[in-house]
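Trainee: Could we go through this structure together, term by term? I would like to see how each label is earned.

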Amino acid sequence: MSQPITDTFGRKHTYLRISLTDKCNLRCTYCMPQEDMQFMPSKWLMQADEIQTLAGIFVDMGVEKIRLTGGEPLIRKDASQIIRNLGSLSTSLTLTTNAVFVDQFIDDLKNAGVRSLNVSLDTLNEQSFKNITKRDHFGKTLDSIRLLISEGFVVKINMVVMRGVNDEEVNDFVRLTLDEPNLHVRFIEFMPFNGNKWDMSKIVSYNDLLADIGTQFSFKKLQGELHDTAHNFQVNGGKGTFGIIGTVTHPFCSGCNRIRLTADGKLKNCLFDTTEADLLTPLRRGEDVSSLIYSHFHKKHFAHGGHIDFTEKNAREDYEQNRRMISIGG
Ligand code: SAM
Ligand code: SF4
């Protein structure tokens, strides 16, 4: 076993998020620009065997959990193969998906030991789903969530809450958690990325969300753990839970254990850090990548890629230069 990946703040990085592609079958407005989106050529993408080799290196460095993301991870033609390969490693495996194609992967997911999936769903209204995603897959997404639960998976619904877009529906999502123990909802504060027209006024903050939920439900805060991104709560008498990922107003950077690998094999030490280390090119040349991994994490900032407040002028310059969320991997 190699040395763990530790930064200068003593944080040990044990959670690897691998993006399989920057392409997607949806067009969520908060995730990708509506025009001029250039996707990566296929030859830039890590191949299934390269993903497995890099994942193995990270596992040897102490990674305990792997999440597949994208873009939409399940649109890759070799997604089954990748899931099966990664299932053979000694880590837990999970996915973040829009779930449209999940019915084709139920056996692969079970065989790979996947127990829980994060599914994006931002509205319970069909027309609003079309407005946000620019696609017509509302019914399929709901069916997929029902299927996953009936097949015994735990589903965490991710809802990006945007003022004036879907904030009126927050309590409808909380209501979903009342009777279903395997359904959890996480409200995510809208985050700034290149091309997503972010503005502080579009955020529904952690405090605003709690105040809104408090008008309809009484709830308790649940005990958190060091690496949690969400502050979790449960409606009194409810079976599932709800959480708030307050990246902008309630950051969780002090317990960060996340490593991100983009679909083109670039290492990012934070969603908001614009610096990257290319692992794929040296891997293809047969060179050692371990020293690149350690040195990149040694440069990790304490919070938000070096920014405390996203309204600072230089923070805006940085996130405008950052990748689009869809090409980082959420
Ligand atoms: N396609 C998959 C999906 O939608 O679940 C995985 C990729 S998506 C980029 C991963 C997560 O990032 C999703 O839960 C999505 O809601 C979230 N996300 C994307 N853009 C975001 C933004 N600007 N602010 C907050 N969350 C965002
Ligand atoms: Fe696709 Fe997920 Fe981004 Fe929506 S949030 S465009 S489903 S990658």
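Mentor: Gladly! Let's begin with the radius of gyration, which is taken over C-alpha atoms; the globule rule is 2.2 Å times the number of residues to the power 0.38. This is a predicted model, where local features need pLDDT of at least 70, side-chain atom pairs count only at pLDDT 80 or more, and totals for chains, interfaces and linings use all residues. Residues are numbered from 1 along each chain as its sequence is written, and side-chain values use heavy atoms, with hydrogens and water left out.

Trainee: What radius of gyration does the protein have, set against a compact globule?

Mentor: For 330 residues a compact globule would have a radius near 20 Å, and the protein has 19 Å, which agrees. Its C-alpha atoms fill a box of roughly 55 × 45 × 40 Å along the principal axes.

Trainee: What makes E7 and E12 edge strands?

Mentor: Strands are DSSP runs (E, at least two residues; helices are H or I, at least four), and two strands pair if DSSP finds at least two bridges between them. Strand E7 (219-221) and strand E12 (277-278) each pair on one side only, hence the name. They end an open, mixed sheet of 12 strands, ordered E7-E8-E9-E6-E5-E4-E3-E2-E1-E10-E11-E12.

Trainee: How do you know that E4 and E5 pair?

Mentor: Five bridges join strand E4 (residues 116-120) to strand E5 (residues 154-161), and the definition asks for at least two, so they pair. The two strands run parallel, and Ser120 has Asn158 of E5 as its bridge partner.

Trainee: Which residues are around ligand 2?

Mentor: With a heavy atom within 4 Å as the criterion, they are Cys24, Leu26, Cys28, Tyr30, Cys31, Met32, Gly71 and Asn98.

Terms used:
Chains are lettered from A and ligands numbered from 1 in the order in which they are written.
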